[in-house]
Amino acid sequence: YSRLLIKLKEISTSKVETLEEAASLVSRYSWGYDYPVKPINEIQKAEQCVGAYINNQLVGFATLGRSFSPDGRDNQELWLAHAVVIPAFRGQGIFKKLYSKLIKHDDQKNKTSTNMHDKPNHQKILIKSRLEKSSRYFR
């Protein structure tokens, strides 16, 4: 897959069919189907959605939004969330590209993001890509 061209595209929250496809990826490859919240319910509230495409196939997805705090206390802050890459396409830098695009969007608006993912592999990717300038992306 290393020769395939990865295209990042912003996805409007009005593109319900595409968001449902992304939510399906989140359920299948990240959260599982028994998670108490349906991914589509959160994804539709995102301020920004980004999809990674290879040959017009959605292979990765991530969001930036304010309503993703698990306990609701920090919903005034922006959260990086719903990041998923289909397993067959992992190891190609897609996750890093998705988060880079969201962080760039965040930095341009002078906002503060918090990474809601406490998964070590997510944090490692951000640190390795030199996006983590301070602890601002981690909680």
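**Close-up views of a predicted model**

**View 1. Ser 27 in helix α1.** Helix α1 spans residues 16-31 and includes Ser 27. The model shown here and in the views below is predicted. With a relative accessibility of 10%, Ser 27 falls under the 20% limit and therefore counts as buried. Setting aside residues up to four places away in sequence, the contacts of Ser 27 are Gly 32, Tyr 33 and Pro 39.

**View 2. Strand β4 and its pairing with β3.** Strand β4 covers residues 78-85. Eight of its eight residues are buried, so the rest of the structure largely encloses this strand. Strand β3, residues 57-65, pairs with β4 in the antiparallel sense, and five bridges join the two. One of the residues to locate in this view is Leu 64, whose bridge partner in β4 is Leu 80.

**View 3. His 82, a residue of β4 with positive phi.** His 82 is part of strand β4. Its phi is near 55 degrees, which is a positive value in a residue other than glycine. Most residues other than glycine have a negative phi. The relative accessibility of His 82 is 1%, so this residue counts as buried.

**View 4. Asn 56 in the loop between β2 and β3.** Strand β2 runs over residues 48-54, and Asn 56 sits in the loop between β2 and β3. Asn 56 has a phi near 65 degrees, again positive in a residue other than glycine. A relative accessible area of 69% is over the 50% limit, so Asn 56 is exposed. The two residues with positive phi shown in these views can be set side by side: His 82 is buried, whereas Asn 56 is exposed.

**View 5. The largest nonpolar core.** This core has 36 residues, and Phe 61 and Ile 94 are the ones with the most contacts inside it. At least two residues come from each of α1, α2 (39-43), β2, β3, β4 and α3 (94-108). Strand β4 gives the largest share, seven residues. In soluble globular proteins, nonpolar side chains tend to be buried together.

**View 6. Surroundings of Ile 94.** Ile 94 is one of the two residues with the most contacts inside the largest nonpolar core. Neighbours within four places in sequence are left aside in this view. The residues in contact with Ile 94 are then Ile 6, Ala 52, Ile 54, Val 59, Gly 60, Val 85 and Phe 89.

Key
Residues are numbered from 1 along each chain as its sequence is written. This is a predicted model: local features need pLDDT of at least 70, side-chain atom pairs count only at pLDDT 80 or more; totals for chains, interfaces and linings use all residues. Side-chain values use heavy atoms; hydrogens and water are left out. Buried means under 20% relative accessible area, exposed over 50%, partly exposed in between (1.4 Å probe, protein chains only). Helices (H or I, at least four residues) and strands (E, at least two) are DSSP runs, numbered from the N terminus. Two strands pair if DSSP finds at least two bridges between them. Contact means heavy atoms within 4.5 Å. A nonpolar core is a set of buried Ala, Val, Leu, Ile, Met, Phe, Trp, Tyr and Cys residues joined through side-chain atoms within 4.5 Å.
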